[in-house]
Amino acid sequence: VEEGEEGEEDGGSIEIALAEDGLKREFRKRRKELQRYILTAARLIAPKVVPGREIEGYDWVVSHLTSHGFMELASQMDMAKALEFLSQKDFKSAVSCLKGFEKKQEDLKASAATNLSFLYFLESDVKNAEKYGKMATDVDRYNALALVNSGNCSFVKEDYEEARRMYAEAVNVEADCLEALYNLALANKSLGNLQYAHDAFRKVNSMIPESTDVMFQIGDILYVMGRHEEAVKWFEALNTAVPNDPGVLNMLGSLHCTLGDEAKALHFYLESHRIYPASMNVISWIGAFYAKSEMYEKAVPYFELATNIKPLEVKWKLMVASCYRRIGAFPLALRKYKEIHKETPDNVECLRYLVHLCNELGSREEVLGYARKLKKLEKEKGGGKGGQRQGSPQQDSIAAAHHLGQRGGMQPPMMQRPVSRGGGGDPYAAGGLERPRSSVSAGRSGRNTPSKLAQEEDDWGNDELGDDLLPM
């Protein structure tokens, strides 16, 4: 009996030795290499088998691989077919194809679930994106892209802390996963952890220095942190990489304005306006700058443009009329005020200026008519806001409340994201397609950084002005 047991033990040792010998290892190595060659060839020829009908080519390759016993390779070609559907933007067929992997081997199931999660996320179906993201992580907890997809779902639900945790776990699994690093930085930015976000974006920048999205994010974070000189350097680099982007030029103008260099600020705002002339922030800043500098002729075209863009906002029309008065074009100013009065007959300020101008031009009858209307309107409004008084014809002011700072300096308009880029904190920046993996991109659902509103409205006249003369 003992001898038999020894024989069995010796036989087991021989089996182990044979299983681990060099010949077996070489066999496995060659088989793996052969499968790689076959799979590469299959991927190359599948789209070309039936010209113009790529999917039929994939089906032909899959059927031949299956008939020759290469079941695993056939499944991988099915995955390639799903990606071909994606390249053709046939998402419905791609989803149907990927769902077929739910009952297959675990590795393919994880890859399919990751891709399905990403597809549903792109279609804003967060519920299904979460479902397949969890399925992918349940199968393989060390799937970095699946963790990124789950983090994205938390991000769009504004659960930034959970999103940050998922992205951090993905980075621990795969330290050079760009999608995880980029979105980890976005999550930290949304949580207010600006230094952590800055450090993460700098790491991504070292990996893909040509990425304009990353340049923008670094510059924007430095702006929010108050490190304006550093932010200027990053936006200047961004402007070199993406020339003629009005949003980038707008930001450079805003930064130079904050730093007190109004000459450079004006240069960048004018460039931004030249490329994208419909930005109200830029238009109002330039107009207010020229008015503050007493260059009223140059201010008029910008305020006129503002009235065309925002025809229902009376303040822009009042600014145009005020500029005409400042350059002595009283008939033009009077005509403008009459147009404003016709459109908004209850505007007290417009009536006051009509009284002043008609009196200045000697139109006695019109003065009496407008004075009666003004008195009646002020009586209806309880004597005007805060005890308004009627000023003299020489008193004048042009208000740009959102674009002028305290007396003595211009304030930048609200920060505006680059027009041609996505911006800001966009969780869609990094999905989780496996082979090919999704790229990092900047979304445009970014956070706008508002400038400070004016605390005291500036005046450009030489006389003391009352608040009652300021356009609202």
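Analyst: In this predicted model, a residue is buried when its relative accessible area is under 20%, exposed when that area is over 50%, and partly exposed in between.

User: Why is Glu 162 called partly exposed?

Analyst: Glu 162 has a relative accessible area of 25%. Since buried requires under 20% and exposed requires over 50%, this value falls in between, so the residue is partly exposed. Arg 165, with 39%, is classed as partly exposed by the identical reasoning.

User: How do you know that Arg 165 and Glu 162 meet in a salt bridge?

Analyst: The N to O distance between their side chains is 2.7 Å. A salt bridge needs a side-chain nitrogen of Lys or Arg within 4 Å of a carboxyl oxygen of Asp or Glu, so the pair qualifies. The two residues are three apart in helix H9, which means a separation of about one helical turn. Both also belong to a network of salt bridges that links Arg 141, Glu 162, Arg 165 and Glu 169.

User: What makes the contact of Lys 336 and Glu 304 a salt bridge?

Analyst: The N to O distance is 3.9 Å. The cut-off is within 4 Å, so the contact is counted. Lys 336 lies in helix H19 and Glu 304 in helix H17, so the pair ties together parts that are 32 residues apart in sequence.

User: Are Lys 336 and Glu 304 buried or partly exposed?

Analyst: Lys 336 has a relative accessible area of 13%, which is under 20%, and is therefore buried. Glu 304 has 23%, which lies between the two limits, so Glu 304 is partly exposed.

User: Which residue forms a salt bridge with Lys 134, and how far apart are the closest N and O atoms?

Analyst: The partner is Asp 138, and the closest N and O atoms are 3.0 Å apart. The pair is four residues apart in helix H7, which corresponds to about one helical turn. Lys 134, at 52%, is over the 50% limit and therefore exposed. Asp 138, at 54%, is exposed for this reason too. A search of the whole structure finds 16 salt bridges.

User: What makes phi of Ser 124 worth noting, and where is Ser 124 placed?

Analyst: Phi of Ser 124 is near 65°, a positive value in a residue other than glycine. Ser 124 sits in the loop between helix H6 and helix H7. Its relative accessibility of 56% is over 50%, so Ser 124 is exposed. Glu 158 also has a phi near 65°, and its place is the loop between helix H8 and helix H9. At 58%, Glu 158 is likewise exposed, because the value is over 50%.

User: How do you know that Trp 60 qualifies for a nonpolar patch on the surface?

Analyst: Trp 60 has a relative accessibility of 39%, and patch residues need over 30%, so Trp 60 meets that condition. Its patch also contains Leu 44, Ile 45 and Val 49, with about 370 Å² of accessible area together.

User: Why can Arg 25 be part of a positive surface patch?

Analyst: Arg 25 lies in helix H2. Its relative accessible area of 47% is over the 30% required, so Arg 25 meets the area condition. The patch is formed by Lys 24, Arg 25, Arg 28 and Arg 31.

Terms used. Residues numbered from 1 in each chain as written. Predicted model: local features only at pLDDT ≥ 70, side-chain atom pairs only at ≥ 80, totals over all residues. Heavy atoms only, no water. Patch = residues over 30% accessible without salt bridge, like charges linked within 9 Å, V, L, I, M, F, W, Y side chains within 5 Å. Areas by Shrake-Rupley, 256 points an atom, 1.4 Å probe, with all protein chains shown as cover. Lys, Arg positive; Asp, Glu negative; His and termini not counted. Charge placed at Lys NZ, Arg CZ, Asp CG, Glu CD. Buried < 20%, exposed > 50% of the residue type's maximum accessible area, 1.4 Å probe, protein only.
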